[in-house]
Amino acid sequence: MARKRVAVVGTGTVGSQAAWRLAARGAEVVAYDRFAPGHDRSAAGGETRVFRSVQTDDGRYVPLVRHADALWKQLQAETGRELRRLTGCLFMGPADDSEMRTVMGIVAEHGLDHEVIDAEAVAKRFPQFRLDHGDLAVLDRRAGFVRPELTVQTAARRAEELGARIRRYTPVREVSPVAGGGVEVRTDSGTERFDAAVVTPGPWVGDLLPDLPWEVGVYRAVSAWFLPDEDHQAGEERPAFIRRGGAVPFYGIPSPDGLSVKLGVSQAHHRPVDDPNRLERTVAPEELEMFSEIVRRHLPGLNPDPVRLGVFMEGYTDSTRPLVGPLPGSDDIILLAGFSGQGFKLSPAMGDIAADLALEGRTTQPIDFISTLGRTAA
Ligand SMILES: Cc1cc2nc3c(=O)[nH]c(=O)nc-3n(C[C@H](O)[C@H](O)[C@H](O)COP(=O)(O)OP(=O)(O)OC[C@H]3O[C@@H](n4cnc5c(N)ncnc54)[C@H](O)[C@@H]3O)c2cc1C
């Protein structure tokens with residue numbers, strides 16, 4: 001069979017993985033990005049992302065995370081880079097919280113490696129957290145953090161080693177189907193022809209595809225880093241964490257160098273972004289008050305004044321389920337977008353699924369619930 005020529009539009013979180021998987025499977029790959037792999041002006045960046053086996057709200061993600069898990073290992077083995085560290089992830093909240101109950105159901109149903117820990121035991125074993133009376137914690141053991149900039153650059157470099165070409169600082173203006181099959185990709189320097197295109201523009205999806213029948217709202221997410229009051233002791237358990245319940249649900253990740261803890265808040269507390277080309281990267285003092293309050297109330301041992309800030313953006317669908325599959329009216333254009341705050345851990349699996357769809361027209365991975373096929377417009 002002739003070697004397929006496939007474009008990847010957007011070499012960020014998912015696009016870099018798609019380029020790797022496509023090149024590994026023998027496709028001729030040309031990947032484009034408006035910046036360069038590993039940049040921090042979009043959804044990736046800020047040194048860490050949580051990896052966990054439990055996608056907290058929906059057990060259907062579990063097999064996809066398993067597939068991603070195997071590919072995280074593979075990419076690390078192929079490149080010799082530490083892209084992921086499994087420190088565990090502690091999911092905390094009121095025992096009667098609905099998401100807490102969903103998590104307990106998912107770990108039990110799928111036999112995931114976990115521990116349920118009551119508030120008293122958390123206070124002894126994890127003194128860095130303050131739980132309320134009636135709270136509970138679930139420790140997801142096959143969890144930890146992944147490193148976004150390093151992962152994107154490593155996947156992109158691996159793709160290049162396998163023959164992919166990356167067109168850096170090259171915004172794609174249009175991706176369109178060609179009558180009779182194939183795709184055209186237009187940039188400021190001309191138009192190139194491909195058998196298929198994988199389109200992974202993250203928060204720019206509405207910019208690139210203005211006629212998309214699904215809504216992808218873009219939101220601005222602030223990350224803030226805090227220093228501990230005392231140095232950490234050797235042997236201390238420092239898992240990533242997610243806390244539900246309370247006024248502002250939040251998550252946190254101890255930094256890889258052990259010197260600080262990064263915090264983020266849930267999407268309800270993110271501001272909408274009107275234009276991804278004009279992301280406001282300055283953080284106002286009133287936005288930080290929420291973070292300092294979280295530290296004072298829930299994280300004894302951290303100084304409530306942040307030492308570093310980062311601003312990113314992410315595309316959210318109404319259901320928070322991503323859009324994965326062919327664009328309506330064009331089987332050769334495969335869209336992966338709207339990852340709604342959960343795409344990093346899944347990204348190698350998403351890249352592999354993109355390669356399945358672009359090269360074979362189908363995948364054996366269970367993606368019906370996130371597929372574009374049969375998805376109603378909203
Ligand atoms: C602050 C924050 C914290 C998060 N925490 C987690 C977490 O803990 N765990 C987790 O799993 N997920 C997390 N996520 C979600 C995850 O980071 C995203 O779902 C994921 O990065 C989205 O990947 P993407 O490929 O869709 O977008 P991106 O990584 O943004 O990639 C899109 C790429 O397309 C390029 N591009 C756009 N338009 C064009 C064009 N026209 N031409 C050429 N190139 C173009 C961009 O430059 C960019 O490189 C978080 C997100 C944020 C913002």
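These exercises walk through a predicted model, each with a worked solution.

Residues are numbered from 1 along each chain as its sequence is written, and side-chain values use heavy atoms, with hydrogens and water left out. In this predicted model, local features need pLDDT of at least 70, side-chain atom pairs count only at pLDDT 80 or more, and totals for chains, interfaces and linings use all residues.

**Exercise 1. The ligand and its neighbours**

Task: Find which residues come nearest to the ligand, and list their contacts with ligand oxygen atoms.

Solution:
- Step 1. Fix the term: a residue is near a molecule or strand if one of its heavy atoms lies within 4 Å of it.
- Step 2. There are 33 residues around the ligand. Thr 13, Asp 33, Ser 42, Val 50 and Glu 314 come nearest.
- Step 3. Fix the next term: a polar contact is a pair of N or O atoms within 3.5 Å. Within protein, one atom must be able to donate a hydrogen and the other to accept it, and residues adjacent in sequence count only if both atoms are side-chain atoms.
- Step 4. Take Asp 33. One of its polar side-chain atoms is 2.6 Å from an oxygen atom of the ligand.
- Step 5. Take Ser 42. Here a polar side-chain atom is 2.4 Å from an oxygen atom of the ligand.
- Step 6. Take Val 50. This time a backbone N or O atom lies 2.7 Å from a ligand oxygen atom.
- Step 7. Now look at cover. On its own the ligand has 1000 Å² of accessible area, and the protein covers 97% of that. Accessible areas come from the Shrake-Rupley method with a 1.4 Å probe; for residues, only the protein chains shown count as cover.

**Exercise 2. Where the shell comes from**

Task: Work out which elements, residue classes and domains supply the shell around the ligand.

Solution:
- Step 1. Helices (H or I, at least four residues) and strands (E, at least two) are DSSP runs, numbered from the N terminus.
- Step 2. Elements that give two or more residues to the shell are helix H1 (13-24), strand E3 (49-51), strand E14 (217-226), strand E19 (308-316) and helix H8 (343-360).
- Step 3. H8 gives the most, with three residues.
- Step 4. Sort by class. The shell has 16 nonpolar, 12 polar and five charged residues. Ala, Val, Leu, Ile, Met, Phe, Trp, Tyr, Cys and Pro count as nonpolar, Asp, Glu, Lys and Arg as charged, and the others, Gly among them, as polar.
- Step 5. Sort by domain. Domain 1 (5-49 + 148-213 + 319-370) and domain 2 (86-146 + 217-316) each give at least three residues to the shell. These bounds come from an automatic or database domain assignment.

**Exercise 3. Helix H8 up close**

Task: Say whether Asp 356 and Met 350 are buried or exposed, and find a partner for each.

Solution:
- Step 1. Set the cut-offs: buried means under 20% relative accessible area, exposed over 50%, partly exposed in between (1.4 Å probe, protein chains only).
- Step 2. Asp 356 lies in helix H8. Asp 356 counts as buried because its relative accessibility is 11%.
- Step 3. The side chains of Asp 356 and Arg 25 are joined by a polar contact of 2.8 Å.
- Step 4. Met 350 is also in helix H8. Its relative accessibility is 0%, so Met 350 counts as buried.
- Step 5. Met 350 pairs with Val 324: 26 residues apart in sequence, 8.3 Å apart in space, C-alpha to C-alpha.

**Exercise 4. Positive phi in loops**

Task: Place Thr 320 and Ser 340, and give their phi values.

Solution:
- Step 1. Recall the rule: most residues other than glycine have a negative phi.
- Step 2. Thr 320 sits in the loop between E19 and strand E20 (323-327). Its phi is near 65°, a positive value. Thr 320 counts as partly exposed because its relative accessibility is 23%.
- Step 3. Ser 340 sits in the loop between strand E21 (330-337) and H8. Its phi is near 50°, again positive. Ser 340 has 7% relative accessibility, so it counts as buried.

**Exercise 5. Distances along and across**

Task: Find how far apart Asp 97 and Arg 308 are, then Asp 132 and Leu 212.

Solution:
- Step 1. Asp 97 is in the loop between strand E5 (89-94) and helix H3 (98-109). Its relative accessible area is 18%, so Asp 97 is buried.
- Step 2. Asp 97 and Arg 308 are 211 residues apart along the chain, and their C-alpha atoms are separated by 32 Å.
- Step 3. Asp 132 is in the loop between helix H4 (119-125) and strand E7 (135-140). From Asp 132 to Leu 212 is 80 residues in sequence and 44 Å in space, C-alpha to C-alpha.
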